[in-house]
There are 2 protein chains.
Amino acid sequence: MGAEVVWDKAAKTVNITGKAAGSLSVPAWPWPYKKLDPKVVKKRGYELYFKGGCMYGAAAAILFTLQEEVGFPYTTIPGDMFKYGAGGAVSWGTLCGALNGAGAMLNLVNKDYSKVLNELIGWYTEYPFPSKDHEDYCKFKNQVTTVAKSPLCHASVSLWVNAAGAKVNSDEKKDRCGKLTGDTAAKAVELLNALVDGNFIAAYKVSTEFEHCMTCHWEKGMDNEQGKMNCVSCHDDHTKK
Amino acid sequence: MGAEVVWDKAAKTVNITGKAAGSLSVPAWPWPYKKLDPKVVKKRGYELYFKGGCMYGAAAAILFTLQEEVGFPYTTIPGDMFKYGAGGAVSWGTLCGALNGAGAMLNLVNKDYSKVLNELIGWYTEYPFPSKDHEDYCKFKNQVTTVAKSPLCHASVSLWVNAAGAKVNSDEKKDRCGKLTGDTAAKAVELLNALVDGNFIAAYKVSTEFEHCMTCHWEKGMDNEQGKMNCVSCHDDHTKK
């Protein structure tokens with residue numbers, strides 16, 4: 001197929017060039033996971049946020065640590081490919097990029113990514129971000145915390161800046177989102193480690209408001225609503241007068 | 001570093017095993033893009049949706065075609081890692097997975113991913129999905145179309161099922177989302193091809209409602225709103241009585 005493979009012993013580098021469609025053998029999915037230290041990932045997520053945003057920060061905090069701890073095949077994936085998720089997808093305010101980046105890595109390393117990511121998203125919607133775990137190195141200490149009740153960047157950020165009296169385009173907001181990125185990546189690793197150890201618990205329960213709406217709209221009823229976000233964040237409860 | 005590299009000439013396969021942290025040289029980001037045929041990607045996106053959902057369908061339609069057309073380094077990325085985005089991230093209804101998957105691939109292949117993805121998301125919010133381009137092979141022909149006015153899976157799917165009189169967990173809905181996946185992946189490729197040819201035009205304009213709200217809430221004003229989604233989808237216009 002025209003692929004050239006050169007092992008550079010001095011540089012300890014494998015150089016592969018040319019067309020080799022389907023011919024580089026990487027391990028079958030999911031890739032081999034090695035338990036990581038959530039504290040390492042938490043600080044790294046904070047730091048990497050400032051280099052490429054929230055999705056990049058969360059994904060690369062896990063990816064780069066796996067590149068160091070496991071090496072190949074993680075070394076074939078460029079962290080830069082996760083920059084698009086910043087600000088809820090090129091600033092559209094949809095899915096929080098930290099969740100998006102953590103989701104990609106959970107998916108890469110485990111077939112049970114679905115239940116772990118569901119738990120991570122549920123946890124995110126109820127967590128008072130940012131945590132106080134970054135006080136030793138952050139730029140703005142002891143920041144106001146808010147609970148987004150939503151996995152959307154728009155809700156998470158807008159709520160926080162209004163509570164904190166900060167601007168969206170401020171250094172305070174960036175510090176808050178950097179901390180949140182580290183917090184979310186670390187939680188993903190905690191959940192993943194628990195899964196590997198056989199200790200994973202799906203603790204998240206949907207809100208009582210969502211549960212109320214789903215008594216009619218759910219799969220075995222009207223089945224006309226897609227999603228798990230809390231309905232009352234955007235809709236009135238039409239069953240109440 | 002302990003990496004073993006074996007070139008199997010008969011199988012035309014490079015086998016790399018063992019620990020090789022940082023030692024497999026892949027091209028610097030962004031990866032080399034070769035213009036793809038949107039029609040090929042459109043049909044493939046539809047087909048792959050049924051194998052792994054909307055994010056997988058959109059990402060893999062582009063990834064697998066690049067694996068064939070370019071080969072390495074695209075052959076190192078497993079399409080399976082994009083399954084988590086299905087249903088707006090493990091069914092939470094946030095960012096449409098087709099946009100998420102297309103976004104990852106746009107980001108992987110071009111430094112200007114931001115303006116292309118912004119255009120793709122804007123286009124998505126105004127497009128009457130699904131297109132009629134899948135009539136030759138789809139399961140449900142001539143389906144009702146709806147304009148989501150949102151990049152959120154929740155809005156896109158819930159609006160459509162209610163307009164179509166279908167269920168979220170129905171084959172009709174799956175066919176609609178399969179078509180949408182192909183439509184979105186193909187549009188991403190069209191925009192990318194235009195960018196490569198120097199013909200890219202950022203045609204999307206924000207809605208008049210959003211523009212109205214931003215006269216106060218924007219970056220140089222209150223700067224307290226994060227995102228580009230249409231405000232009035234969830235909020236009342238408090239400037240009107």
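## Exercises on a predicted model

With a relative accessibility of 39%, A:K34 counts as partly exposed. Please keep in mind that this is a predicted model.

**Exercise 1. Find which residue forms a salt bridge with A:K34, and explain why the pair ties together separate parts of the chain.**

Step 1. Look for the partner: A:K34 forms a salt bridge with A:E69, and the closest N and O atoms are 3.1 Å apart.
Step 2. Place the two residues: A:K34 sits in the loop between strand 3 (24-25) and helix 1 (38-69) of chain A, while A:E69 belongs to helix 1 of chain A, so the pair ties together parts that are 35 residues apart in sequence.
Step 3. Check the accessibility of the partner: A:E69 is partly exposed, at 35%.
Step 4. Put this in its setting: the count over all chains comes to 16 salt bridges.

**Exercise 2. Work out how far apart in sequence the parts tied together by A:K35 and A:D197 are.**

Step 1. Start with the contact: the side chains of A:K35 and A:D197 meet in a salt bridge of 2.8 Å, N to O.
Step 2. Locate both ends: A:K35 is in the loop between strand 3 and helix 1 of chain A, and A:D197 is in helix 5 (residues 171-197) of chain A, so the parts they tie together are 162 residues apart in sequence.
Step 3. Compare with the cut-offs: partly exposed lies between 20% and 50%. A:K35 has 41% relative accessibility and is therefore partly exposed; A:D197, with a relative accessible area of 41%, is partly exposed too.

**Exercise 3. Decide whether A:D183 is buried or exposed, and describe its surroundings.**

Step 1. Find the residue: A:D183 is in helix 5 of chain A.
Step 2. Apply the cut-off: buried means under 20%, and A:D183 has 3% relative accessibility, so A:D183 counts as buried.
Step 3. Look for charged partners: A:K42, A:D133 and A:D183 are linked in a network of salt bridges. The side chains of A:D183 and A:K42 also make a polar contact, at 3.4 Å.
Step 4. Look beyond the neighbours within four places in sequence: the contacts of A:D183 there include A:W123, A:Y127, A:F129 and A:H134.

**Exercise 4. Find where helix 1 of chain B bends, and describe the helix and its ends.**

Step 1. Begin with the span: helix 1 (residues 38-69) of chain B has 32 residues, yet its end C-alpha atoms are only 14 Å apart, short of the 46 Å that a straight helix would reach.
Step 2. Find the bend: helix 1 of chain B turns by about 135° at B:G52.
Step 3. Check how covered the helix is: 24 of the 32 residues in helix 1 of chain B are buried.
Step 4. Visit the ends: B:D37 caps the N-terminal end, with a side-chain oxygen 2.9 Å from the backbone nitrogen of B:K39. Just after the helix, B:G71 takes a positive phi of about 90°.
Step 5. Add a salt bridge: B:E68 pairs with B:R44 at 2.8 Å between the closest N and O atoms. B:E68 is partly exposed, at 43%, whereas B:R44 is buried, at 18%.

**Exercise 5. Decide how many disulfides there are over all chains.**

Step 1. Take the count: it comes to zero.
Step 2. Try a case: the cysteine sulfur nearest to that of A:C231 belongs to A:C213 and is 3.8 Å away. The cut-off is 2.5 Å, and A:C231 is in no disulfide.
Step 3. Note the accessibility: A:C231 is buried, at 13%.

Definitions and conventions: Residues are numbered from 1 along each chain as its sequence is written. Chains are lettered from A and ligands numbered from 1 in the order in which they are written. This is a predicted model: local features need pLDDT of at least 70, side-chain atom pairs count only at pLDDT 80 or more; totals for chains, interfaces and linings use all residues. Side-chain values use heavy atoms; hydrogens and water are left out. A salt bridge is a side-chain nitrogen of Lys or Arg within 4 Å of a carboxyl oxygen of Asp or Glu. Helices (H or I, at least four residues) and strands (E, at least two) are DSSP runs, numbered from the N terminus. Buried means under 20% relative accessible area, exposed over 50%, partly exposed in between (1.4 Å probe, protein chains only). A polar contact is a pair of N or O atoms within 3.5 Å; within protein, one must be able to donate a hydrogen and the other to accept it, and residues adjacent in sequence count only if both atoms are side-chain atoms. Contact means heavy atoms within 4.5 Å. The expected span of a helix is 1.5 Å times one less than its number of residues. The bend at a residue is the angle between axes fitted to the seven residues ending there and the seven starting there.
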